[in-house]
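This briefing is written for a first-year student and proceeds topic by topic. Please examine the sequence and the structure shown here before reading on.

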Amino acid sequence: MATRIRSSSKRCAVVGGSGFLGRHLVEKLVEKGYSVSVFDIRQSYELPGVTFHQGDLCNKQDLLVALRDVSLVFHCASPAPSSDDQALFQRVNVEGTRTVIQACQEAGVQKLVLTSSASVVFEGTDIKNGEEDLPYAKKPIDYYTQTKIQQEKLVLQACNKEKGFLTVAIRPHGIFGPRDPQLVPILVDTARRGKMKFIIGDGSNLVDFTFVENVVHGHVLAAEYLKPDSPLCGKAYHITNDEPIRFWDFMSRVLVGLGYDAPRYHLPYSLVYGLALLLWLLTLLLRPLITIKPTFTPMRVALAGTHHYYSCARAKHDMGYKPLVSLHEAIAQTVASYPDLRRGA
Ligand SMILES: NC(=O)C1=CN([C@@H]2O[C@H](COP(=O)(O)OP(=O)(O)OC[C@H]3O[C@@H](n4cnc5c(N)ncnc54)[C@H](OP(=O)(O)O)[C@@H]3O)[C@@H](O)[C@H]2O)C=CC1
Ligand SMILES: CC(C)CCC[C@@H](C)[C@H]1CC[C@H]2C3=C(CC[C@]12C)[C@@]1(C)CCC(=O)C[C@@H]1CC3
């Protein structure tokens with residue numbers, strides 16, 4: 001009996017646990033003594049203490065199997081932003097999240113921690129030290145952002161102390177680190193194709209990039225501090241490195257660390273944004289005939305050419321958050337983790 005009580009309070013599930021952030025989170029939870037149930041559409045690794053359940057989060061019956069005896073659920077599954085597939089985002093991030101909530105409630109889960117995104121308030125214009133009470137973007141810049149907003153609202157509105165179901169949303173920004181399939185690989189691919197010569201705008205815009213270990217730390221703290229009498233219930237929290245950096249300095253540090261040249265020549269922001277918009281419209285028109293995947297999407301250009309950094313004061317105050325790894329150390333660890341992406345490799 002004693003073993004059962006101990007195991008259920010240390011049993012959790014990570015929906016999306018095969019992904020970049022999910023796997024780092026699972027590794028940390030195992031290190032902290034949790035037994036973890038991973039639910040994902042794919043299985044990408046094996047780890048003692050982890051049970052894998054392969055399935056689509058839109059299927060409640062599949063989810064219910066993974067959530068058996070689980071009191072805490074982390075939901076960090078999403079289609080990749082680059083898929084730009086409106087129907088897929090709607091199905092997984094909105095309908096699927098509704099299903100995750102229902103499955104949690106039916107399975108008697110007590111806490112749900114959602115990985116949202118700081119981008120839910122980003123409309124393509126400057127945000128400086130943005131706090132969580134900024135309004136959601138009225139004109140979200142892409143389908144990914146549009147459905148992340150709906151997803152966050154669903155999860156936060158589901159928080160119900162009377163029914164013993166508590167929810168919280170973590171809003172990270174620009175996650176990077178070892179095994180990231182997105183930021184560094186796209187950057188290096190662009191450099192290898194000779195397209196990373198230009199700085200969009202004057203290069204002075206400050207942005208948050210957040211080391212994956214710090215994002216994991218924010219999730220674990222949120223789970224621990226989420227209690228019926230805590231201020232976390234039904235709230236969103238920014239989790240960043242708390243060291244905004246010039247977007248182009250960050251790109252240059254990673255590129256130079258991997259042996260590539262830093263971008264040098266400046267292009268006007270509105271020109272590049274206009275071209276990216278035109279290209280995006282063209283890809284929409286041609287989609288029935290051919291699939292084009294532009295590197296410079298309007299979202300990426302907006303992210304590269306505006307200020308967007310966020311305050312983590314709320315997370316510091318309510319859950320004692322403090323980044324564990326500095327940006328300097330995080331970039332060094334990340335660069336060292338990609339020997340295959342070095343110039344000439
Ligand atoms: N990376 C970043 O900079 C940021 C990410 N976020 C959020 O963090 C979370 C994790 O992102 P990240 O780790 O980068 O993303 P990944 O794509 O690496 O991980 C997401 C995981 O979810 C899986 N998945 C997708 N659809 C389903 C489905 N229908 N059922 C079950 N599993 C599914 C994916 O599988 P598959 O790969 O096969 O699709 C993948 O394994 C996401 O919610 C994202 O929105 C927020 C801010 C910044
Ligand atoms: C080609 C270059 C102009 C840019 C290369 C790097 C980009 C791929 C990344 C720079 C900022 C990143 C970012 C995200 C994805 C990768 C970048 C665009 C997100 C959109 C991922 C999902 C989120 O929730 C928000 C992120 C903001 C920053």
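Which residues form a nonpolar patch on the surface? In this predicted model, the patch consists of L271, L275, L278 and L281. The points below describe this patch, then the surroundings of ligand 2, and finally one histidine.

**The surface patch**
- Together, L271, L275, L278 and L281 have about 390 Å² of accessible area.
- L281 is located in helix α9, which covers residues 269–286.
- L281 counts as partly exposed because its relative accessibility is 42%, and partly exposed denotes a value between the 20% limit for buried and the 50% limit for exposed.

**The surroundings of ligand 2**
- Ligand 2 is surrounded by 15 residues, the closest being S117, S119, Y144, I186 and F296.
- The protein covers 93% of the 600 Å² of accessible area that ligand 2 has on its own.
- In the side chain of S117, an N or O atom is 2.7 Å from an oxygen atom of ligand 2.
- Y144 has a polar side-chain atom that lies 2.7 Å from an oxygen atom of ligand 2.
- Helices α6 (183–192), α8 (247–257) and α10 (298–305) each contribute at least two residues to the shell around ligand 2.
- Sorted by class, this shell contains eight nonpolar, six polar and one charged residues.

**The histidine H238**
- H238 belongs to strand β12, which comprises residues 235–239.
- Is H238 buried or exposed? H238 is buried, because its relative accessible area is 0%, and buried means under 20%.
- The side chain of H238 reaches the backbone oxygen of G130 at 3.3 Å.

Technical notes: Residues are numbered from 1 along each chain as its sequence is written. Chains are lettered from A and ligands numbered from 1 in the order in which they are written. This is a predicted model: local features need pLDDT of at least 70, side-chain atom pairs count only at pLDDT 80 or more; totals for chains, interfaces and linings use all residues. Side-chain values use heavy atoms; hydrogens and water are left out. Patches are made of residues with over 30% relative accessible area and no salt bridge: like charges are joined within 9 Å, nonpolar side chains (Val, Leu, Ile, Met, Phe, Trp, Tyr) within 5 Å. Accessible areas come from the Shrake-Rupley method with a 1.4 Å probe; for residues, only the protein chains shown count as cover. A salt bridge is a side-chain nitrogen of Lys or Arg within 4 Å of a carboxyl oxygen of Asp or Glu. Helices (H or I, at least four residues) and strands (E, at least two) are DSSP runs, numbered from the N terminus. Buried means under 20% relative accessible area, exposed over 50%, partly exposed in between (1.4 Å probe, protein chains only). A residue is near a molecule or strand if one of its heavy atoms lies within 4 Å of it. A polar contact is a pair of N or O atoms within 3.5 Å; within protein, one must be able to donate a hydrogen and the other to accept it, and residues adjacent in sequence count only if both atoms are side-chain atoms. Ala, Val, Leu, Ile, Met, Phe, Trp, Tyr, Cys and Pro count as nonpolar, Asp, Glu, Lys and Arg as charged, and the others, Gly among them, as polar.
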